[in-house]
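The following paragraphs walk through a predicted model. They start from one residue and work outward.

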Amino acid sequence: MKRLIAGNWKMHGLKAAMAEIEALSGKLTPADLEKSDVLICPPATLLMGLGEQAHNGVALGGQNCHQEEMGAYTGDISAEMLAEAGASYCIVGHSERRAKHGEHDALVRQKADACHRAGITPIICVGESFTDRAQGKAVKVVTSQLWASLPEDHSQVVVAYEPVWAVGSGAIPTLDDIGEVHAALREVAGQNARILYGGSVKPSNAAQILSVPNVHGVLVGGASLKAEEFYGIISA
Ligand SMILES: O=C(CO)COP(=O)(O)O
């Protein structure tokens, strides 16, 4: 299965940041693109401008979408709008949206369905809290999140396992723990889904993480903002 190396810029990136995608696309070799699909999910404000140019194989994605196609939803953006702006993927159910915007599994499922409707691939995020992990409940928590978030037709989904306590903290689970969770997620998601790991991925730990069975790529936050660092992960 071809791996997917995805960057989530979160709420980072004024216009000047568009140069990072240019720098990244300049570094990518045909061999890199043979091995990995490369994706950047910039803020929606940059998507349109970026979507108008080709980036040597770097795909673009949204960080969130509304579940409806259009309507009176001030400030929201639909999956169709992201697709029109050049997105081919969209992150849904990121832990920051679950925690800070009250998004629950049923809504995440609707958003994943909206992505399918718009012809883009949802990246469905799941992950346990520090307490869940400490209490030995990580596998149970993430598999039940995925059951409840997965659209009925999940032949075209990407799943991202992002332990909440590993996001932005510098801490990561052991490789055995990552392997255990990914094997359990594979049971739920089926054989076609790529399952990414996310949470404090850096050039220094990417090769080890990517060598774990059932890990088909990574979803990178902070280390995706600079072309040089992100390329260090792609070439791992
Ligand atoms: O949330 C993440 C990607 O979606 C991970 O963020 P960091 O790589 O900064 O830990």
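Cysteine 90 has, apart from neighbours within four places in sequence, contacts with Gly61, Gly62, Cys65, Ala79, Leu82, Cys115, Ile120, Pro122 and Ile123. Cysteine 90 belongs to strand S4. Around its C-beta atom there are 25 C-beta neighbours inside 10 Å, and the cut-off for a buried residue is 20 or more, so cysteine 90 counts as buried. Its C-alpha atom is separated by 8.5 Å from that of alanine 112, although the two residues are 22 residues apart along the chain.

One of the contacts of cysteine 90 is Pro122, which is part of strand S5 (residues 121-126). Proline 122 is buried too, because 31 C-beta neighbours lie inside 10 Å. With neighbours within four places in sequence set aside, proline 122 touches Cys90, Val92, Lys111, Ala112, Cys115 and Val157. In the other direction along the chain, glutamine 63 is 59 residues away from proline 122 in sequence, with a C-alpha to C-alpha distance of 9.9 Å.

Ala112, listed among the contacts of proline 122, also takes part in a helix pair. Two packed helices are described by the angle between their axes and the distance between the axes. For helix H6 (residues 105-118) and helix H8 (residues 138-149), the axes come within 7 Å and cross at roughly 50 degrees. H6 and H8 are therefore oblique to each other. H6 contributes Asp105, Ala106, Val108, Arg109 and Ala112 to the contact, and H8 contributes Gln145, Ala148 and Ser149. By class, the residues of this contact are four nonpolar, two polar and two charged.

The next stop is the annotated site. In an unreviewed entry, UniProt places the feature "active site" at His94 and Glu162. These positions are spread over 69 residues of sequence, yet they cluster in space, with a largest C-alpha distance of 8.3 Å. Histidine 94 sits in the loop between strand S4 (87-92) and helix H5 (95-100). Glutamate 162 sits in the loop between strand S6 (158-161) and helix H9 (175-189). Is histidine 94 buried or exposed? It is buried, because 27 other C-beta atoms lie within 10 Å. Glutamate 162 has 27 C-beta neighbours inside 10 Å and so counts as buried. Beyond four places in sequence, the contacts of glutamate 162 are Ser95, Cys125, Gly127, Val167, Gly198, Gly199 and Leu219.

Val167 and Gly198, both among those contacts, appear again around the ligand. Of the 14 residues around the ligand, the nearest are Asn8, Val167, Gly198, Gly221 and Gly222. The shell is made up of five nonpolar, eight polar and one charged residues.

Two loop residues remain, and both concern the backbone. Most residues other than glycine have a negative phi. Asparagine 56 has a positive value, with phi near 50 degrees, and lies in the loop between helix H3 (44-51) and strand S3 (58-62). It counts as partly exposed because it has 16 C-beta neighbours inside 10 Å. Asparagine 214 likewise has a positive phi, near 70 degrees. Its place is in the loop between helix H10 (203-210) and strand S8 (217-220). With 20 other C-beta atoms within 10 Å, asparagine 214 is buried.

Conventions
Residues are numbered from 1 along each chain as its sequence is written. This is a predicted model: local features need pLDDT of at least 70, side-chain atom pairs count only at pLDDT 80 or more; totals for chains, interfaces and linings use all residues. Axes are lines fitted to C-alpha atoms, for helices over the stretch in contact, and angles run from 0 to 180 degrees between N-to-C directions. Helices (H or I, at least four residues) and strands (E, at least two) are DSSP runs, numbered from the N terminus. Angles under 35 degrees count as roughly parallel, over 145 as roughly antiparallel, 65 to 115 as roughly perpendicular and the rest as oblique. Two residues are in contact if their C-beta atoms, placed from the backbone, lie within 7 Å. Ala, Val, Leu, Ile, Met, Phe, Trp, Tyr, Cys and Pro count as nonpolar, Asp, Glu, Lys and Arg as charged, and the others, Gly among them, as polar. UniProt positions are given in the numbering used here, feature names are shortened, and annotations may be inferred rather than shown by experiment. A residue is buried if 20 or more other C-beta atoms lie within 10 Å of its own, exposed if 12 or fewer, and partly exposed in between; C-beta atoms are placed from the backbone. A residue is near a molecule or strand if its C-beta atom, placed from the backbone, lies within 6 Å of it.
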